[in-house]
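Work through the exercises below with the sequence and the 3D view side by side. Try each task before you read its solution.

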Amino acid sequence: MCENPIPIHTVDVPWLHGRDVQVAVLRCDLVHPLWSGNKFFKLKYNLEAARAQQSGCVLSFGGAWSNHLHALAAAGQALGLRTIGVIRGEEPQQLNACLQDARAMGMHLHFVSRAAYAHKTTPEFSAALEREFGAFYLIPEGGANLAGIRGCQEILAGVDITAYSQVLLACGTGTTMAGLVSATTLPVTGIQVLKGALYLERELARLLDVHGLTATAPWRIFDRFHRGGYGRVDAELLDFIGQFTASTGIPLEPVYSGKLMLAIADLVRAGEVAPGARLLVIHGGGLQGARGWQ
Ligand SMILES: *Cc1c(COP(=O)(O)O)cnc(C)c1O
């Protein structure tokens with residue numbers, strides 16, 4: 001199912017001119033037409049576990065533009081699994097493009113109020129869902145569990161890491177980064193897209209710890225490139241994305257990959273990337289979400 005090896009595209013953009021820094025993009029957005037990006041890896045072992053269960057039903061959680069639920073709906077359809085998406089917020093009069101896709105791919109959409117959604121990880125909440133839907137395999141929001149981490153440990157499996165000096169990625173829950181730092185020796189830099197000083201540094205350490213994993217690579221996180229917080233988008237960011245895509249042909253979306261690439265451009269322009277650096281940037285996919293900004 002996974003295109004292997006994943007294509008790597010070296011980019012030529014104005015902000016690299018005259019600097020001895022190379023940027024290559026690992027196109028995880030191309031691993032599958034619908035079930036794309038890091039979500040492919042986060043779902044891989046979760047769906048294997050779900051298929052081993054009798055119910056043939058998978059339930060997970062997300063917002064109305066969730067790349068995770070979109071990918072889960074696509075994967076469920078491809079594998080013949082029933083999928084239920086628990087959506088944060090009341091059902092809108094008109095479904096957005098993401099939720100329309102998810103429903104068209106067979107996902108049952110279950111809307112809950114924001115107040116109720118806040119309790120989604122409690123046993124009472126799960127029990128209520130089970131009374132309503134019967135048995136299911138539960139994947140936490142964003143695919144943030146050990147099976148998700150295990151899948152992400154395979155992202156760099158087909159990459160000759162000796163060609164690079166570091167790998168960079170955009171982080172939400174930190175699951176993808178936990179997979180990388182516990183599987184490679186290439187230094188890993190995470191750009192967090194949510195506001196919150198140091199939250200991800202703590203979260204990553206916690207994720208590794210609770211799952212009994214150790215970091216095999218040096219890692220660090222920049223917490224200053226979120227541009228106001230999760231899903232906050234501004235004109236400079238959209239402009240940057242437009243120019244990047246025009247010069248490289250590589251599409252980005254503003255929530256993750258756009259902020260990641262702009263952070264890299266800012267670091268390069270500020271001279272914070274050492275000459276001779278060979279950067280491998282993980283494209284996390286999620287391009288369906290870009291429709292929310294058009
Ligand atoms: C979900 C997502 C991420 C965040 O991944 P985490 O494992 O939660 O850190 C990054 N990029 C894209 C495109 C995503 O869809």
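The exercises cover two sheets, a helix, a lysine and the cysteines.

This is a predicted model, where local features need pLDDT of at least 70, side-chain atom pairs count only at pLDDT 80 or more, and totals for chains, interfaces and linings use all residues. Residues are numbered from 1 along each chain as its sequence is written, and side-chain values use heavy atoms, with hydrogens and water left out.

**Exercise 1. Lay out the sheet of four strands.**

Task: find the strand order and the edge strands of the open sheet of four strands.

Step 1. Fix the terms. Helices (H or I, at least four residues) and strands (E, at least two) are DSSP runs, numbered from the N terminus. Two strands pair if DSSP finds at least two bridges between them.

Step 2. Read the order. It is 5-4-3-6, and the pairing is parallel.

Step 3. Find the edges. Strand 5 (108–112) and strand 6 (137–138) each pair on one side only.

Step 4. Check the pair of strand 3 (residues 57–62) and strand 4 (residues 82–88). Six bridges join them in the parallel sense. C57 has R82 as its bridge partner in strand 4. S60 has G85 as its partner there.

Step 5. Follow the chain between these two strands. From strand 3 the chain passes through helix 2 (residues 67–79) to strand 4, in a right-handed β-α-β crossover. Right-handed has a set meaning: with the strands pointing away from the viewer, the path from the first strand over the helix to the second runs clockwise.

Step 6. Move on to strand 5. Strands 4 and 5 run parallel, joined by five bridges. I87 is paired with F111 in strand 5. The chain gets from strand 4 to strand 5 through helix 3 (residues 97–104), again with a right-handed β-α-β crossover.

Step 7. Add a covering helix. Helix 5 (residues 123–133) lies across strand 3, strand 4, strand 5 and strand 6, and runs at about 140° to strand 5. Such angles run from 0 to 180 degrees between N-to-C directions, with axes fitted to C-alpha atoms, for helices over the stretch in contact.

**Exercise 2. Lay out the sheet of six strands.**

Task: find the strand order of the six-strand sheet and the helices that pack on it.

Step 1. Read the order. This open sheet runs 1-2-10-7-8-9, with mixed pairing.

Step 2. Find the edges. Strand 1 (8–10) and strand 9 (219–222) have a single partner strand each, so one side of each lacks a neighbour in the sheet.

Step 3. Note the twist. On average, neighbouring strands of this sheet are turned by 25° against each other, direction ignored.

Step 4. Check one pair. Strand 1 and strand 2 (residues 22–27) run antiparallel and share three bridges. T10 has A24 as its bridge partner in strand 2.

Step 5. Place the helices. Helix 8 (residues 199–210) touches strand 7 (166–171), strand 8 (188–192) and strand 9, at about 145° to strand 9. Helix 10 (residues 257–269) touches strand 2, strand 7, strand 8, strand 9 and strand 10 (278–283), at about 165° to strand 10.

**Exercise 3. Test helix 2.**

Task: compare the span of helix 2 with its expected span, then find what covers the helix.

Step 1. Take the rule: the expected span is 1.5 Å times one less than the number of residues.

Step 2. Apply it. The 13 residues of helix 2 should span 18 Å, and the end C-alpha atoms are 18 Å apart, which agrees.

Step 3. Count the burial. In helix 2, 10 of its 13 residues are buried (under 20% relative accessible area; exposed is over 50%, partly exposed in between, with a 1.4 Å probe and protein chains only).

Step 4. Name the cover. It includes helix 1 (38–51), strand 3, strand 4 and helix 3.

**Exercise 4. Is K120 buried or exposed?**

Step 1. Locate K120: the loop between helix 4 (114–117) and helix 5.

Step 2. Read its relative accessible area. The value is 14%, so K120 is buried.

Step 3. List its contacts (heavy atoms within 4.5 Å). Leaving out residues up to four places away in sequence, K120 touches F61, F125 and E141.

**Exercise 5. How many disulfides are there?**

Step 1. Set the test: a pair of cysteine sulfur atoms within 2.5 Å.

Step 2. Search the whole structure. The count is zero.

Step 3. Check C98. The nearest cysteine sulfur, that of C57, is 18 Å away. C98 is buried, at 1% relative accessibility.

Step 4. Check C152. Its sulfur lies 9.0 Å from that of C28, the closest cysteine sulfur, which is too far for a bond. C152 has a relative accessible area of 0%, so this cysteine is buried.
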